[in-house]
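Student: I have a new model open and no idea where to start. Can you walk me through it?

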Amino acid sequence: MKIVRDTILHGDVYACLCRLETGSVAVAATSPPYWKQRIYGFKGEIGQESTPEEYIGRLVKIFDKLKEKMRDDGVFFLNVGDKYFSRYGKSNLLQIPYRLAYHMTKRGWILEEVLCWFKVNYMPFPGRDRFANTFEPVFVFAKNRKNIYRKGLGTVLKIPLQQTPWKHTAVYPEKLIDELFSRVQFRDGDLVADVFGGTGTTAVCAQKVKMSLSPRNVCSVLIDKGDDFVEIMKKRTGITNVVKVKDVAFKWDPVVEELLPDGIPKARLMDKHGEVFIAEDSREFFAALKGVTTEEFKRFHREDATYFFGVKNWSLSDLYFPSRLFSIGYILRNMLIASHGKTWFPIFMFARDSKKVAYKFNLDRIRVKAKPQPLRNWWKEEFVGFKVADLLEKKKGRIIKILARYGDGFPKMAVVKWNGGVSLEFVLHPEKDELLMEGVEFLCKACGRPLNEPYDPIGKNVCSNCKKSVWHSLENVPVAKEPDEVAEVLKELERIDYQLGQVVQAGRFQTKTVSTSKFAELDRVNWGASPGARKLMLGEYFTKTRVYRIDQPSIAHYLTLLRKASGLNVKEVIESLPKNYHHTVGHWFRTDFGGSTPVPEDLTLLMNILSAKNGLLSLLKRTALKFQTVKAAIKGRNPGDFIETTEDNQLEAYLRNLYIPSSEYRKVIEKKAKQTQLF
Ligand SMILES: C[S@@+](CC[C@H](N)C(=O)[O-])C[C@H]1O[C@@H](n2cnc3c(N)ncnc32)[C@H](O)[C@@H]1O
């Protein structure tokens, strides 16, 4: 069929493609249904194949047909998203787009460029053990080297997701297709095709080419099998010429994936906690990738190590072969994009496929925190009236009094009014909150020296100094030492008997104050006050969170020691807690990746049941207020898998911070603090 005016082909993609005239399509742009993402609900829909190999095999076959219909100098823009394959909690990134592209090049497509579409307004992601996904690739394929695509305009496209009125959830933004079309040398009479038309975005953008500064008289053909989509397309594009097409039987085979190619392995052995390695070229990258298969590599690294391998001058096979890590005992967690302005290179984050431990990924160290302006004069700022969101107990309050300030005027201690009481709160200074949160040190009970690491669920747990066992019984559990900053505040508080962070009745609060201390001011607090929400407009507020980041396995292990000492099994602990706890309690005692940490309220109950008084649990119970500014998502955003950098060593340090132990990270932030002379 020769297409001479805008047309919708209503039917199966393969059957519709068969109808097109050979060599007629100048430009194709499409986004197929992603694998196992959504159900469209018609016979023969794509995306529901039982394996990625079948899905890729089917698309490869369809795109073979498209190639036949492409003009010799035509280009094909293919946008496709990825998928995590989920098993016992640790999901593996399948690399579907790159596998598809790889197989397409094996069948004769020429890959001109891989564009990275960074979705500036990406969806928030609650996950804690990997970067949020923020981009999708757009492959630029051609039939021949000589074609109508203009290269060299940059491979990073920053384009927001677009809201649409259409009842279709997988619409690509017009801006994306406009950008792609701006890179094409159109001629009058060119045919533009979208073989998975959806809501017809591609045709809308083709219509814009007709009205651009250098207008070209192009026409489009849209294919879709969904009846509803055909209706949407008609409405949105104004296309009236709709042709119904009957199914055509066709066969496809699942693709067969390749093994890592032969080559001499070069095991990276720099740090047992993980590796960051940015290779210059494919050869170096492959040697390192091969290196992870060696016994030497596995023996050297901890089972909870985290790896980042990237490659600067990359080719498609560098994006393809990391998908094979899964078959050799690793899971791929992220393909990160390192972007230097207009171009990008990939960095793969992966870890051992272990059920025993969670790999190290301290997301909190890299969350995007909106930074307060450095030159604010805190003395002049009014903090009374600020909202406080308690992240752990999920409730809201307001600051009604500032009791003490840091040297620069930032509040250090505040009184917060909650529904049902008031509490005295320690406030983290925005410039040193990291230092405080990482600040708990574990000291060997026998020799008093700091330990390098907290409890190690897969290691020996001996003190590196005196070689005595630690963490083996309650007797040799290390002493947890708080940073001086907090210890000092606590000391002041000893003069009154309120626990920091504990919510009490306002009346009780008042009568217990000691008039000689700065808490005398408590007498003058207007307990009923509920000042206006002036600050809300600036998007500033406080959150109430834990003061310290303490490794979850350490807590779980400590709880287990306490539990055993009090002669209880997990079931008995569960039974002594209210019913709504039953699903969570088990996780508190797990040191593997399924573990979780009790919130302060739970800890109070637990400490009663396990008759634990002080020690680690009371540190874990400590809460503080943290300053949040300019609409930063609570706790700061997951920074996402698109990283803009200019310097390699900065990038490497950024990634390394995710897995180094607290003791080392403390040095990093202390050094940084000294450099900026904040203290
Ligand atoms: C991801 S959507 C395309 C969205 C489009 N890019 C837009 O902006 O609206 C994929 C489309 O493929 C269609 N589709 C799925 N299987 C198909 C098949 N076997 N033949 C034809 N169309 C199919 C679905 O109906 C869906 O509209």
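Tutor: What follows goes from the ligand to the sheets and then to the helices. This is a predicted model: local features need pLDDT of at least 70, side-chain atom pairs count only at pLDDT 80 or more, and totals for chains, interfaces and linings use all residues. Residues are numbered from 1 along each chain as its sequence is written.

Student: Ok, how many residues surround the ligand?

Tutor: There are 22 around the ligand, and the closest are Phe196, Gly198, Thr199, Thr201 and Gly226. A residue is near a molecule if its C-beta atom, placed from the backbone, lies within 6 Å of it.

Student: How many in that shell are nonpolar, polar and charged?

Tutor: The shell has 11 nonpolar, 7 polar and 4 charged residues. Ala, Val, Leu, Ile, Met, Phe, Trp, Tyr, Cys and Pro count as nonpolar, Asp, Glu, Lys and Arg as charged, and the others, Gly among them, as polar.

Student: Now the sheets. In what order do the strands of the open sheet come?

Tutor: The order is S8-S6-S7-S3-S2-S9-S10-S1-S11, which is 9 strands with mixed pairing. Strands (E, at least two residues) and helices (H or I, at least four) are DSSP runs, numbered from the N terminus, and two strands pair if DSSP finds at least two bridges between them.

Student: Which strands stand at the edges?

Tutor: Strand S8 (156-158) and strand S11 (242-244) do; each has a single partner strand, so one side of each lacks a neighbour in the sheet. From one strand to the next, the twist averages 20°.

Student: And how many bridges join S1 to S10?

Tutor: S1 (residues 7-10) and S10 (residues 219-224) run parallel and are joined by 4 bridges. Opposite Ile8 stands Leu222 in S10.

Student: Different spot: which residues of S16 are on its covered face?

Tutor: In S16 (residues 387-390), Val388 and Asp390 make up the covered face, while Lys387 and Ala389 are on the uncovered one.

Student: What does Asp390 pair with in S17?

Tutor: Its bridge partner there is Lys395. S16 and S17 (residues 395-405) run antiparallel, with 4 bridges. They form a hairpin with 4 residues between them, and Lys394 in the turn has a positive phi of about 55°.

Student: Which residue in S22 does Asp390 stand opposite?

Tutor: Lys544. S16 runs parallel to S22 (residues 541-546), and 3 bridges join the two.

Student: How many residues of S18 are buried?

Tutor: In S18 (residues 411-418), 7 of 8 are buried, where buried means that 20 or more other C-beta atoms lie within 10 Å of a residue's own, C-beta atoms being placed from the backbone (12 or fewer is exposed, in between partly exposed). S18 is antiparallel to S17, with 7 bridges, and Met413 is the bridge partner of Ala404. S18 also pairs with S19 (residues 421-426) in the antiparallel sense over 6 bridges.

Student: Last one: at what angle do H4 and H5 cross?

Tutor: The axes of H4 (residues 174-181) and H5 (residues 201-210) cross at roughly 50° and come within 9 Å. That makes H4 oblique to H5. Axes are lines fitted to C-alpha atoms, for helices over the stretch in contact, and angles run from 0 to 180 degrees between N-to-C directions. Under 35 degrees counts as roughly parallel, over 145 as roughly antiparallel, 65 to 115 as roughly perpendicular and the rest as oblique.
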